[in-house]
Amino acid sequence: MLYVDKDNAHPPSIEIAKAKRVLKNTDGVEVCYDSLGQLQEASQLIPHLWDSLGADQGWLCVYCMRCIAVQPVSGVSRKMHNEHYIPRHQDYEGYEEARRHGKEAELPYPQYTQADLDRHSLDYRNLFAVCDGKYQKDEKASARDGHRAPHRKEDEESSGPKVTCDTLRGNSKLTVDPRRKDHIDSLSYGKFDATLSSSIPEVNDDINVRLNLNYHWLKEERAMALVGLYQWFEKNASERDFPRKCRERLQELQQGKDGKLQPFAPMLIWALKKSKCRRLPAAPAPYLRSRGHTVRLFPAESCGCGGAVCPESC
């Protein structure tokens, strides 16, 4: 999951103000995100939001950290969407339906009126860039005429949702907030299967239930990114200038290239800062089956290099 520093973001403030003014001066139109498509002049805000949100996040989905783009490339990026952290609408129909059947029900954000939600809908601090929540392997499976694509055993046994991120979340309330660094700092990733977890129980519920961020295809993509990092360790760990290379690799991950971060860059940064050169145990299939497991990783407190990856000679 991505930390987004909204205090240092780059909102299209002029375009937001212009769109609000156009909506406000038009009879019968509410000043809210949903109204942007009703007026051509106001709708011009949407591509500005795409550009600003994408750039602020290094063109990664705020939840799954896959690459996103306005015009996605198959196998490289997913279609970008604008996500409202506080949703544009509450599920009033579902709430009333549950009450009619005598079930306990609560609106996700009972403290907000629809007017409040309309206000938040054009607040840049409330907006994030997200993916479409879909996976190419699932799409390929669906495209085959009645034939199921070959999946791993866990996929064959899985009956859970096949989408992630905002597509699954809908209007449900989240505890995890990408704007809160303490929430992002609570996250960790399994060394071999890249399982995402948090030290905060409520955030774990968001990860596994509302956002489905341990969906097996997503975990596989994260794990393969870790494989690449471990293989880089193997290739470079014996060199004398390994500490310098690690600093450079960390800088590359943090800064990206041409304004775009590498997929899962926050996880790889976490792994670089967390790990040091101690021998990795054999990894379970299928994630690291092809590698030799000769990397050494030291625990952070074992030397004086301040947490950066270092060679065994430390």
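**Burial, helix α10 and aromatic contacts in a predicted model**

C67 is buried, with a relative accessible area of 18%. The value belongs to a predicted model, as do the others reported here. The cut-off for burial is under 20% relative accessible area, so the 18% of C67 falls on the buried side. C246 is also buried, at a relative accessible area of 3%. A disulfide is a covalent bond between the sulfur atoms of two cysteines. A search of the whole structure returned zero disulfides. For C67, the closest cysteine sulfur belongs to C64 and lies 9.4 Å away, which is too far for a bond.

The chain as a whole contains 13 helices and six strands. Of its 314 residues, 46% count as buried. When contacts between residues at least 6 apart in sequence are considered, 67% of them join residues at least 24 apart.

Helix α10, which spans residues 201-210, was examined in more detail. Its buried residues are V203, N204, D206 and I207. Viewed down the axis of α10, these buried residues fall within an arc of 155 degrees, and they therefore line one face of the helix. P201 and V209, on the other side of α10, are exposed. The cover over the buried residues of α10 includes two strands, β5 (187-189) and β6 (196-198). After α10 comes N212, which has a positive phi, near 55 degrees.

Within α10, D206 has a relative accessibility of 0% and so counts as buried. The side chain of D206 makes polar contacts with the backbone. It reaches the backbone nitrogen of T175 at 2.6 Å and the backbone nitrogen of V176 at 2.7 Å. T175 and V176 also appear among the residues in contact with D206 once neighbours within four places in sequence are left aside; the others are K173, L174, L211 and N212. N212, the residue with positive phi that follows α10, is thus also a contact of D206 under that count, because contact means heavy atoms within 4.5 Å.

Another aspartate, D51, is found in helix α3 (residues 45-56). D51 is partly exposed, since its relative accessible area is 46% and the partly exposed class lies between 20% and 50%. The C-alpha atoms of D51 and V70 are separated by 8.5 Å, and the two residues are 19 residues apart along the chain.

Backbone angles were also considered. Most residues other than glycine have a negative phi. M65 is not a glycine, yet its phi is positive, at about 70 degrees. M65 is placed in the loop between α3 and β1 (68-69), and with a relative accessibility of 1% it counts as buried. F264 is likewise not a glycine and has a positive phi, of about 65 degrees. The position of F264 is in the loop between α12 (242-255) and α13 (265-274). F264 is buried, with a relative accessible area of 4%.

Aromatic side chains were searched for ring pairs. A pair of aromatic rings is described by the distance of the centres and the angle of the planes. Eight aromatic pairs were found in the whole structure. In one of them, the rings of Y189 and W270 have centres 5.5 Å apart and planes at 65 degrees, so the pair is edge-to-face. Y189 belongs to strand β5 and W270 to helix α13, and the pair therefore ties together parts that are 81 residues apart in sequence. Y189 counts as buried at 8% relative accessibility, whereas W270 is partly exposed, with a relative accessible area of 26%. Strand β5, which holds Y189, is also among the elements covering the buried residues of α10.

One aromatic cluster is formed by Y230, W232, F233 and F242. The charged end of R249 sits over the ring of W232, a member of this cluster, at 5.0 Å from the ring centre. A second arrangement of this kind involves R169, whose charged end sits over the ring of Y85, 5.6 Å from its centre.

Notes: Residues are numbered from 1 along each chain as its sequence is written. This is a predicted model: local features need pLDDT of at least 70, side-chain atom pairs count only at pLDDT 80 or more; totals for chains, interfaces and linings use all residues. Side-chain values use heavy atoms; hydrogens and water are left out. Helices (H or I, at least four residues) and strands (E, at least two) are DSSP runs, numbered from the N terminus. Buried means under 20% relative accessible area, exposed over 50%, partly exposed in between (1.4 Å probe, protein chains only). A polar contact is a pair of N or O atoms within 3.5 Å; within protein, one must be able to donate a hydrogen and the other to accept it, and residues adjacent in sequence count only if both atoms are side-chain atoms. The arc is that of the directions from the helix axis to the C-beta atoms. A disulfide is a pair of cysteine sulfur atoms within 2.5 Å. Rings of Phe, Tyr and Trp (its six-membered ring) pair if their centres lie within 6.5 Å; planes under 30 degrees apart count as stacked, over 60 as edge-to-face and the rest as tilted. A charge sits over a ring if NZ of Lys or CZ of Arg is within 6 Å of the ring centre and within 35 degrees of the ring normal.
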